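Visitor: Could you walk me through reading a model like this one, feature by feature?
Guide: Sure, let's put it on screen and start at the surface.

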Amino acid sequence: EDEESTFQTDAMKELQETKDLVARIRKALLDAGEFNTICQKAYRRGCDAGNITDNMEEVEELRVALNVICEDLDIEPITIEEASELFLPDLSFFEFCQLARTYFDSLVKSLDIDREVYL
């Protein structure tokens, strides 16, 4: 097996893994009830209070919460830097759900090589 063939095989595997990732995220986003349930679990863990009536006050809370969703979707965790870019002070549960939906939707759009792009 030559080097070019190995490269092509690796590239095909990586492409399939990306397509599988896009499919997992898209499936979660399309099932609003399931995504809301995941968000509730994530928000509770992020707030560390088990209560969705509390607001998130720290970037670390957001990172923990988003990483619960990442774990459920079997994708790489979000870094503190990424969470810092997304963080809004005094983040309510509703705002968290919107933020999470927007974040994961943009992730799908950036990774989905099969989608139509209109310029």
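Visitor: Which residues form the negative surface patch here?
Guide: The patch is made up of Asp54, Glu57, Glu58, Asp90 and Glu95. Patch members have over 30% relative accessible area and no salt bridge, with like charges joined within 9 Å and nonpolar side chains (Val, Leu, Ile, Met, Phe, Trp, Tyr) within 5 Å. Asp and Glu count as negative, Lys and Arg as positive, while His and the chain ends are not counted. Each charge is placed at NZ of Lys, CZ of Arg, CG of Asp or CD of Glu. Before going on: this is a predicted model, where local features need pLDDT of at least 70 and side-chain atom pairs count only at pLDDT 80 or more, though totals for chains, interfaces and linings use all residues. Residues are numbered from 1 along each chain as its sequence is written, and side-chain values use heavy atoms, with hydrogens and water left out.

Visitor: Where does glutamate 57 lie?
Guide: Glutamate 57 is in the loop between helix H2 (32-47) and helix H3 (59-73). Helices here are DSSP runs (H or I, at least four residues), strands are E runs of at least two, and numbering starts at the N terminus. With 46% relative accessibility, glutamate 57 is partly exposed. Buried means under 20% relative accessible area, exposed over 50%, and partly exposed in between (1.4 Å probe, protein chains only).

Visitor: And asparagine 67: buried or exposed?
Guide: Asparagine 67 counts as buried, at 11% relative accessibility. This residue sits in helix H3 and touches Pro77 and Ile78, leaving aside residues up to four places away in sequence. A contact means heavy atoms within 4.5 Å.

Visitor: How many salt bridges are there?
Guide: The general idea is that side chains of opposite charge can pair when their charged atoms come close. The rule asks for a side-chain nitrogen of Lys or Arg within 4 Å of a carboxyl oxygen of Asp or Glu. By that rule there are three salt bridges. In one of them, aspartate 72 meets lysine 41 at 3.0 Å, N to O. Aspartate 72 is in helix H3 and lysine 41 in helix H2, so this pair ties together parts 31 residues apart in sequence. Aspartate 72 is partly exposed at 36%, and lysine 41 is partly exposed at 36% relative accessibility.

Visitor: What about the bridge between glutamate 60 and arginine 63: how are they placed?
Guide: Both lie in helix H3, three residues apart, about one turn of the helix. Their closest N and O atoms are 2.5 Å apart. Glutamate 60 is partly exposed at 36% relative accessibility, and arginine 63 at 23%.
Guide: Lysine 109 and aspartate 105 also form a salt bridge, at 3.1 Å, N to O. These two belong to helix H5 (residues 93-111) and are four residues apart, about one turn of the helix. Lysine 109 is partly exposed, with 43% relative accessible area, and aspartate 105 is too, with 29%.

Visitor: Zooming out, how many helices and strands does the protein have?
Guide: Five helices and zero strands, so to speak α-α-α-α-α from the N terminus on. Of its 119 residues, 32% are buried. Among contacts between residues at least 6 apart in sequence, 65% join residues at least 24 apart.

Technical notes: Areas by Shrake-Rupley, 256 points an atom, 1.4 Å probe, with all protein chains shown as cover.
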